[in-house]
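Colleague: Could you take me through one part of this structure slowly, as if I were seeing a protein for the first time? I'd like to hear about the strand in the middle of your notes and the ring pairs that go with your tour.

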Amino acid sequence: MSDMWGIDVSHWTKDPYGTDYQKADFVITKLTNGASEYQYEGFGHECIKKTLADGKLSGAYHYACGSDPEDEARVFCEAFEPYVGIVLPAVDWERSTNKAWGDKTWLRRYVDAVHDRIGIYPMIYTGYEGAEQCRDCAEDCALWYARYRDDRQPEWNGAWKIGAWDKPALWQYTSSGGDKNVAYITREKWEEMCKPMGYKTAAAARDAVLR
């Protein structure tokens, strides 16, 4: 079986703190969108801080709209900066409203720009088409794979194409009643993936965010 179970939420989620939230090991929250300065501050930051206060693993993602990748990286990193070391960054790469969909260089530029700013490569959320578009990110970025099976928690069977990755770190296996995910990494690995080299301790960073 997988190591952990969790959800991802956005400002569109009807009941972000309902039953699924209560039983989740991790919660990944939408924080930014495209190159807009609008950062969903009312929901995104509130949810991340609640997740941390409740002792859950926390992630934050940027929705890629396909404008200048360095501008989009800047917007995300400026919003994400308080959480460096304690929250796992991710980028949502999908077809909808993404004018760079199909571009095989965009994500490489984006993840490098994020790494230049915060010292961490973000996890990439995408499906099988997207995984083929970002093969050159596989060495640096974990994969959060979206492919729907059913409402039951499944086991990964390795039958689907996932680009250059051997196995996803996370699998979003359904959106029925909310986005649900299984993780194939441990809690310790998640926490390790949050930290750039030489950063302050996670405990000190978490205390600073929750003050």
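**Rings, charges and a strand**

Modeller: Let's begin with a charge and a ring: in this predicted model, the charged end of K50 sits over the ring of Y17, 5.4 Å from its centre. K23 does something similar with W5, lying over the face of that ring at 5.1 Å from the ring centre.

Now for strand 3, which covers residues 57-63. Of its 7 residues, 7 are buried, so the strand is largely enclosed by the rest of the structure. Look at where the side chains go. In a regular strand they alternate between the two faces of the sheet. Here L57, G59, Y61 and Y63 point one way, while S58, A60 and H62 point the other way, and all of them are buried.

Who sits beside this strand? Strand 2 (residues 26-33) pairs with strand 3 in the parallel sense, over 7 bridges. If you want a spot to click on, find T32, which stands opposite H62 in strand 3. Strand 4 (residues 88-92) also pairs with strand 3 in the parallel sense, this time over 5 bridges. There, the bridge partner of Y63 is D92 in strand 4. Follow the chain and you'll also meet helix 3 (residues 69-80), which makes a right-handed β-α-β unit together with strand 3 and strand 4.

Back to rings, now paired with each other. The count comes to 14 aromatic pairs. One of them is W106 with Y110, a stacked pair with 5.5 Å from centre to centre and 10 degrees between the planes. Both belong to helix 4 (residues 106-118), and because they are 4 residues apart there, about one helical turn separates them. W106 is buried, and Y110 is buried too.

Compare that with Y145 and W156: their ring centres are 5.7 Å apart and their planes stand at 90 degrees, so this pair is edge-to-face. This pair links distant parts of the chain, 11 residues apart, with Y145 in strand 6 (residues 143-146) and W156 in the loop between strand 6 and strand 7 (170-174). Y145 and W156 are both buried. And they have company: ring pairs link Y145, W156, W160, W171 and Y173 into a cluster.

Key: Residues are numbered from 1 along each chain as its sequence is written. This is a predicted model: local features need pLDDT of at least 70, side-chain atom pairs count only at pLDDT 80 or more; totals for chains, interfaces and linings use all residues. Side-chain values use heavy atoms; hydrogens and water are left out. Rings of Phe, Tyr and Trp (its six-membered ring) pair if their centres lie within 6.5 Å; planes under 30 degrees apart count as stacked, over 60 as edge-to-face and the rest as tilted. Helices (H or I, at least four residues) and strands (E, at least two) are DSSP runs, numbered from the N terminus. Buried means under 20% relative accessible area, exposed over 50%, partly exposed in between (1.4 Å probe, protein chains only). A charge sits over a ring if NZ of Lys or CZ of Arg is within 6 Å of the ring centre and within 35 degrees of the ring normal. Two strands pair if DSSP finds at least two bridges between them. A crossover is right-handed if, with the strands pointing away from the viewer, the path from the first strand over the helix to the second runs clockwise.
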